[in-house]
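Dear colleague,

I am passing on the structure we spoke of, and my notes on it come after it. Please read them with the coordinates open.

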Amino acid sequence: MAAADDPTRGAREAVVDPPAGTLRGLVLLHRRISGLAAADDGPVAVTRLLADRLGAVAAVVSADPTRTVLAASAPGTDESRAAAVLRAEIAEPRWERVLEAAGRGGRAMRVPGRGTWVRVAVPVEVAGEIAAFLVAEEDPADRAGPAALDGSAADDVLLLAAEHAATIVGVLLGRERVLAAAAGQVRDDLLSGLLLGRARSASEAAQWAEHLGLDVPGARVLVVVPDDARGASAGLLATARDRLGRLLPDVLAVLRDNELVAVVGADADPGDLAARLASGLVRGGGPWPVTIGLGRAVHDLAGLAASYDQARRTVEAARRLGREGRLVRFEDLGVHRLLLQVPDPEDARAFAREVLGRLADDRSERAGELVRTLARYFREDGSPQRTAKALSVHPNTIGYRLRRAEELSGLTLDHYSDRLAAQVALEILGHMDDR
């Protein structure tokens with residue numbers, strides 16, 4: 001690599017004592033920068049000062065791989081144009097190498113730019129972590145600042161100013177994080193209040209929804225619960241919330257106990273959303289399965305709490321039925337919506353075993369074949385011909401199997417009550433889901 005292409009060249013060199021005039025100019029500049037710690041317009045106030053006082057092109061760039069330009073300023077142009085210019089420059093491989101080197105070393109970097117230009121990159125720390133970089137470039141020979149900033153230390157002025165500016169940007173970003181966290185807590189509280197029906201009146205609920213920007217008609221509540229509750233952690237659910245936010249940027253979501261609750265709009269495809277959400281949750285290099293319950297679509301705010309309750313009960317039903325690790329919709333539960341009213345799932349299973357008698361107790365392959373045939377018979381609305389076609393056997397075989405099922409269970413399939421009891425028993429034991 002040529003010396004001119006080496007991003008570490010010129011890294012944080014020792015600064016010689018500047019002339020008194022330069023020192024006075026730096027002190028004045030630092031005071032101006034320090035005065036921006038409470039600026040209402042955040043980091044852009046810092047980049048604007050660097051542009052105005054030094055004639056530098058300056059920006060604050062996020063530390064994540066997106067390198068989002070959070071603020072940008074340049075002499076003689078508006079900030080949106082400056083941001084566009086900086087985005088193009090930051091995309092250059094050389095800038096990326098400089099940022100990576102600055103991030104690894106946790107220190108300021110100064111490198112040659114085009115011609116006589118100088119570039120600097122300074123990590124911005126927030127709560128002990130590098131949250132962003134302050135980047136700037138200027139031509140010291142054409143500096144627009146006061147004469148007090150000229151002299152033998154001219155090449156160091158941008159670096160010294162950028163280091164102090166990065167400290168102030170860190171203060172500003174930290175303040176923004178605190179404010180964002182507070183606002184996020186308010187949103188979570190309001191959303192939880194709507195989901196739990198805690199508004200004191202319909203008008204208060206409407207005010208909460210308006211504050212949240214909630215578009216109610218057609219919305220549905222979605223609940224995500226990790227299948228392995230023992231290994232579940234707040235970290236997993238927080239990851240799920242972040243991923244959901246990337247998939248649906250405007251989604252309203254809140255973490256409650258051991259679940260993630262979200263309100264998804266009418267235009268969202270729940271099946272596709274669930275699949276994409278689950279695919280991004282991993283533990284130890286492998287997938288972390290989650291069960292996702294989906295309540296019914298609502299028409300007004302009053303239905304939001306009901307949709308939440310439906311989604312939670314759907315997750316419970318999925319666990320009872322062995323349907324973990326998938327999306328289950330409330331409207332697809334069928335008779336299980338009634339069975340959920342049974343407090344103890346074992347009571348329901350005991351009822352099913354009593355109805356099916358020896359057919360439920362026999363674990364042989366032959367008994368399993370009879371159970372599958374009986375379940376298919378019910379799914380085909382009691383048609384032996386359609387059942388035979390579905391199972392690729394002769395209709396006489398179906399007749400034989402049904403008679404044998406009656407013998408083992410004690411049921412009489414010609415009787416309505418016995419047919420109903422048998423179908424409910426098969427639903428409880430999950431056999432009606434077999435295909």
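Below are the notes on its cores, one helix pair and one further helix.

This is a predicted model, in which local features need pLDDT of at least 70 and side-chain atom pairs count only at pLDDT 80 or more, while totals for chains, interfaces and linings use all residues. Residues are numbered from 1 along each chain as its sequence is written, and side-chain values use heavy atoms, with hydrogens and water left out.

The largest nonpolar core (buried Ala, Val, Leu, Ile, Met, Phe, Trp, Tyr and Cys residues joined through side-chain atoms within 4.5 Å; buried means under 20% relative accessible area, with a 1.4 Å probe and protein chains only) has 36 residues, and Ile33, Val46, Leu50, Leu54 and Leu134 have the most contacts inside it. Its largest share, 11 residues, comes from α5, where helices (H or I, at least four residues) are DSSP runs numbered from the N terminus. A second, separate core of 25 residues includes Leu374, Leu408, Ala422 and Ala425.

Helices α13 (residues 365-379) and α15 (residues 395-409) pack at about 110°, their axes 9 Å apart, the axes being lines fitted to C-alpha atoms over the stretch in contact and the angles running from 0 to 180 degrees between N-to-C directions. That makes α13 roughly perpendicular (65 to 115 degrees) to α15. Among the residues making the contact (heavy atoms within 4.5 Å) are Leu374 of α13 and Leu408 of α15.

Finally, α9 (residues 302-320) has 19 residues, with Gly303, Tyr308 and Arg313 among those buried, and just after α9 Gly322 takes a positive phi of about 70°.

Best wishes

How values were computed:
Helix = DSSP H or I, 4+ residues; strand = E, 2+ residues; numbered from the N terminus. Expected span 1.5 Å × (residues − 1). Buried < 20%, exposed > 50% of the residue type's maximum accessible area, 1.4 Å probe, protein only. Parallel < 35°, antiparallel > 145°, perpendicular 65-115°, else oblique.
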